[in-house]
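Student: Could you help me learn to read a few features of a protein model? I would like the general idea, then the case at hand.

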Amino acid sequence: MAQFINNTAKKLAKEYSSRIFEEKFKYDGDDLGVTFTKEKTVFKVWSPLATKISVNLYKSGDPETERYQTYELEKGKNGVWSVEVNEDLENIYYTYTVKALDNERETGDIYARACGVNSQRSMIVNLKDTNPQDWEKDSFSYDKNLQPIIYEIHIKDFSYDKNSGISDKNRGKYLAFTETGACYNNDKDKPTGIDYLKKLGITHVHILPMYDFGSIDEDGSDTQFNWGYDPVNYNVPEGSYASDAHDGRVRIKEVKQMIQALHSAGIGVIMDVVYNHTYNTDSFFQRTVPYYYYRVDENGNFSNGSACGNETASERFMFRKYMIDSVMYWAKEYHIDGFRFDLMGLHDTVTMNTIRETLNTLPNGENILMYGEPWFASTPAMDKGAIPATKENLRYLDTNIAIFSDDTRDTIKGSVFFDKDGGFVNGKPFLTDKMRSAVCAWCDNSGVDAYYPRQIISYVSAHDNYSLYDKLVLSMTHTQDFKNINKTLIDTNKFIATIIMTCCGTTFFQAGEEFARTKDGIGDSYNSAPEINMLDWERAYQNKDLVDFYANLIAFRKTVPALMKKNIKVSKHIEFADTEIPSMVHFIVKSNDSKDVFVVYNASSNRAIVNLPEGDWQIICDGKEVFTDNTQVFNNEVVIEKECGVIFRKHN
């Protein structure tokens, strides 16, 4: 039986990748799924292999409710099946029964906009009724020529801590982002929640997956936790973050309320999207068109470039179209300001570029960010001729698509794959050339093929792997003492922050990096307890000095055009000075207004004397503090303390 299935998969994969199949069955309409009005609802399904399809209607999304009506769909051109039901089906739930390859399965709608609890049934909704008050006025304005400063956050992490000051009903939920005035320990001088984000000064939040995913029981305990890289319904928000997971309208409205609140605070919203694999292979995709949406290997097994059991086939017309339609839907319906693509290396460059081009057609579409992970877990089984969107293939990507720079990350603080491995700041020698390339966002012919700083995400920590502080504990103290605050490590954290905030490229950091966030040394905390993953607001104010350091660096960075502009020619703005000190990098960031910036990274274990460029220089950062009103001026020689970053600005 297994051999028969594998042979079928191989045969179909060959057929699907042929030009003949695409020309016969590709469908470029925008009406797949449900088209709803009060008078009628039209159901459309693309399934060339199907021999019979029916739609089942339910009064409830709860799985124990029996269906009350079934309608047969008729097969039309291009493999599209449809039926028109001339009645008001608002808030009715539905599934399809698809017979294909002599196998009949009930399935949700891959184009669904809403669903019931735990994704069991799709839902017909009037989306206008899910809009919060003044939604039509909601907007976010950000200069498309400027680099964003991105803060990576998880919905539950953000407010699960009882010290967050968020109301109990909203802790760990979408609506936590709508609460203003929250503070730690009832102290108004210690804001949490959205007020904390405003004070920190970031421009965008990158929210870990908030589409409907399969690893959490939406009807279960609030103590469950998962990052959410397990897609089920790509166009439906996750229900476990909503106040009611049973009514499919609630999650939609509350996501919009969250986005509206962030926009009102002047913060853009980036959505983490995971089109490269699904929760499992018994998915709505597989039940609708067997083996079309997935790649299979030479033996007919599902290819596993994601290390999650499967990988999708973006190079095939209908899945490419699906990705484009889905991204556009989130951008238009939810006012999303950016998309981060998980394991982007599993997608092909044509798909990524087409998504970029399509987003650009929207009003202010060029302001919508696109970036992703330019790698994969293992080599994908792409159809012949497809080019994976990896770091090595950056030259094939639109220059307004950015990639995470693992080169920057590992050069600064050591490899994520080896606990004790150090980088420039924690002891590894001979990295000055790589550090210079990191400063330039690898736009210096260093092998990464970046043409503009906007193509590079400069960062040192994200949700994967160890938090920055935990990595420093492991690589510098060789202990497991994660909870206690180590002053030396805090100073190193400041050094790293100084580097990241003075590198070209897009600035990105994980929530809590700015207060020495720890996850007790758990690197892959995707399903660890929420207490491990949550932002610890007590720790945030124990390390307020570090938080202020980040906030002041962010404010400073915003005043340096050469660091903030996306399209600069790095060679015209960054000028490095030679030095005989092995672990030192220093450079001038040139400015058209003569407010040049001089930066020194001294990773050596000794103080160093450095000659300032000609003129008078005001100190901005001495490695321990970022000064907001310091008028002290230097010229000629200055002493740079060991293991720190120092910033000066030209004084007129």
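Student: Let's start with His 335: in which loop does His 335 lie?

Tutor: Happy to help! Keep in mind that this model is predicted. His 335 sits in the loop that joins α7 (317–333) and β15 (338–341).

Student: What should I look for in the backbone there?

Tutor: Look at phi. Most residues other than glycine have a negative phi. His 335 is not a glycine, yet its phi is positive, near 60°.

Student: Is His 335 buried or exposed?

Tutor: His 335 is buried, because its relative accessible area is 19% and buried means under 20%.

Student: Where else can I practise?

Tutor: Try Asn 636, in the loop between β25 (633–634) and β26 (637–640). Asn 636 also has a positive phi, about 65°, although it is not a glycine. Asn 636 is exposed, because its relative accessible area is 56% and exposed means over 50%.

Student: Now for helices. How do I describe two that pack together?

Tutor: Two packed helices are described by the angle between their axes and the distance between those axes. Here, α9 (residues 406–413) and α12 (residues 487–500) pack at about 145°, with axes 11 Å apart. The crossing of α9 past α12 is right-handed.

Student: Which residues make the contact?

Tutor: From α9 come Thr 408, Ile 412 and Lys 413, and from α12 come Ile 496, Ile 499 and Ile 500. Sorted by class, the contact has four nonpolar residues, one polar and one charged.

Notes
Residues numbered from 1 in each chain as written. Predicted model: local features only at pLDDT ≥ 70, side-chain atom pairs only at ≥ 80, totals over all residues. Heavy atoms only, no water. Axes fitted to C-alpha atoms, helices over the stretch in contact; angles between N-to-C directions. Helix = DSSP H or I, 4+ residues; strand = E, 2+ residues; numbered from the N terminus. Left-handed = near helix turned anticlockwise from the far one by under 90°. Contact = heavy atoms within 4.5 Å. Nonpolar A, V, L, I, M, F, W, Y, C, P; charged D, E, K, R; others polar. Buried < 20%, exposed > 50% of the residue type's maximum accessible area, 1.4 Å probe, protein only.
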